[in-house]
Amino acid sequence: MSVPRTRILYIDDDPGLGRLVQKDLERNGYVVEIATDGASGLARIAQGGIEVVVLDHYMPNQDGLETLASIRALAEPPPVIYVTAMQEGRVAVAALKAGAVDYVAKDVQGEFLALLRRAIHAALDAVTLRRAKERAEAESTRNRHLTQSIVDTIRDPLVVLEHDMTIVTASKAFLTMFGITEAEAHGRRVSELGQHQWDVPALRHLMEKVLPENKPIESFEIEDDFPGLGRRVFNLNARKISRPGNNSHRMLLVFEDITDRKQRERDALSLTNEISHRIKNNLQVIIGLISFETRSTATPCVQGYRAMQARIGAIAQLYDVISQSSRGRTVAVDAYLREIAKTMSASLLGNSSGITIEVRAEAVEIDPDRAVPFGLLINELATNAIKHAFPDGTGTIVLSVERIGDQIQLTVADNGVGMKKKDLASIPEKRGSDYVAIFVRQLGGTITPSLSEGPGTTVRVRFPLLLVPSGGTERAAA
């Protein structure tokens, strides 16, 4: 398939010079048409297909400058190269001011033809560049309108920021929520909006890392009073964005209004704490009733009542910890352990006992679902130590919890008389040990009773650490 050649219109009343120019340009690959006056030249241009016009100054009826003015008045005028005599610099300047892209001075020897070819080549290059620029600008405008349309359909308020943190684009949702116009938002920094609620040093520090280090912002929470909105809570998320083939980068900052969700979470937590408090009180009533019954119960049955009392006390302390906690989704093990130790000391030992219970716990948290078997396991192991480790009625039990990798290790150790190997082998046959095994299974862990190097017995239980994601109620393994 042949490539169409560039079509040139040469307007000059000198037919001899016209044929000379035509032959020279056609030898160089152009298609050349000739018009002998301005009127016929304009008529030919109006038909279309002319890519460059070469226009002589001296012509009958209307000169080149008048013809140039008429050409420039067209909707899409082709570039015009003006041809003058050697000494007519004034005319050439006037032609350039009137819109000609270049000029060539004629000489009698015809050397101007080489200059004319270069001028035509330069004019065509300029046209190509101009059209490419127009296409790029049109494409950019279309993309900008498309981007703005997409941005405006997103319900959450968002802005696009330049590297200096000034606003380039703001969605309708953003403008509506914060009560500003697009003109007021454009070019302003986010920190300057409203009453400077967004001027938070921690947020500013994070935003400064988004573009140079490509570090996104995830769920940065801000709570404040906003004009026209009242007390609101927002989650801020930011990402670096760029266009393919473009080295410039911008930041997309999204404002998620989580006020209602936050209030529901607070209401649910408040309700959970209230229910936990009431459950704890009811369990304390049951513990009191058991204590009352113990006074009139035969001596062989007292130990069983007290064991039951301690187990219920362990559960009551869980709800007490939950009711005092502000987290809701997790239980603080150290606080829980101390409350269990306090309850056991009060119900099983009393003030005159020579046995003491110590707690050494790291700040570890577990999910509420496993807090009950965890508390009952501690209660069972400590109760066994109280019953069997200290025949002389004096000693110390140490309850400790630590995190080891992705596991929690619970250790119950005493400095009592210790257990022999044959006692270890017969542990599963005892009811208390059956309870221990059940609770360990519920925790998904393993138990390791071991002989201490010194006096006493140490029992270690390891079970998986479960983390509760901040954004939901599901649990995920560490």
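This section describes the overall make-up, two helices, a run of paired strands and the nonpolar cores of a predicted model.

The protein contains 14 helices and 19 strands. Of its 478 residues, 40% are buried. Among contacts with a separation of 6 or more, 58% join residues 24 or more positions apart.

Helix α1 spans residues 15–27. Its 13 residues reach 18 Å from the first C-alpha to the last, close to the 18 Å expected at 1.5 Å a residue. Five residues of α1 are buried: L17, G18, V21, D24 and L25. Viewed down the axis of α1, the buried residues fall within an arc of 135 degrees, so they line one face of the helix. An α-helix has 3.6 residues a turn, so residues three or four places apart point the same way. Exposed residues K23 and R27 lie on the face of α1 turned away from its buried side. Both ends of α1 can be described further. At the start of α1, a side-chain oxygen of D14 comes to within 3.1 Å of the backbone nitrogen of G16. After the helix comes G29, with a positive phi near 95 degrees.

Helix α4 covers residues 89–98. V91, A92 and A95 are its buried residues. These residues lie on the same side of α4, because they cover an arc of only 100 degrees around the axis. They pack against three elements: α3 (64–72), β4 (80–84) and β5 (102–105). The face of α4 turned away from its buried side carries R90 and K97, both exposed. G99 follows α4 and has a positive phi, near 125 degrees.

Strands β8, β9 and β10 are linked in sequence by antiparallel pairing, β8 to β9 and β9 to β10. Strand β8 comprises residues 217–226, and strand β9 comprises residues 230–242. Eight bridges join these two strands. Within this pairing, I217 has A238 of β9 as its bridge partner. The two strands form a hairpin with three residues between them. In the turn, G228 has a positive phi of about 80 degrees. On to β10 (residues 249–257), β9 makes nine bridges. Here N237 stands opposite V254 of β10.

In soluble globular proteins, nonpolar side chains tend to be buried together. The largest nonpolar core of this model has 38 residues. The members that touch the most others are I357, F374, L377, I386, I397, L399 and L410. Three helices and four strands each give two or more residues to this core: α11 (333–349), α12 (368–388) and α14 (431–443), with β12 (354–361), β14 (394–404), β15 (407–414) and β17 (457–464). Helix α12 gives the most, with nine residues. Neighbours within four places in sequence aside, F374 is in contact with V333, Y336, L337, I366, V401, L410, L443 and F463. A second core of 27 residues is separate from the largest one. The second core includes M207, I217, I222 and M251. I217 thus appears twice in this account, as a member of the second core and as the bridge partner of A238.

Methods:
Residues numbered from 1 in each chain as written. Predicted model: local features only at pLDDT ≥ 70, side-chain atom pairs only at ≥ 80, totals over all residues. Heavy atoms only, no water. Pairing = 2+ DSSP bridges. Expected span 1.5 Å × (residues − 1). Buried < 20%, exposed > 50% of the residue type's maximum accessible area, 1.4 Å probe, protein only. Arc of directions from axis to C-beta. Polar contact = N/O pair within 3.5 Å; in protein donor to acceptor, adjacent residues only side chain to side chain. Core = buried A, V, L, I, M, F, W, Y, C linked by side-chain atoms within 4.5 Å. Contact = heavy atoms within 4.5 Å.
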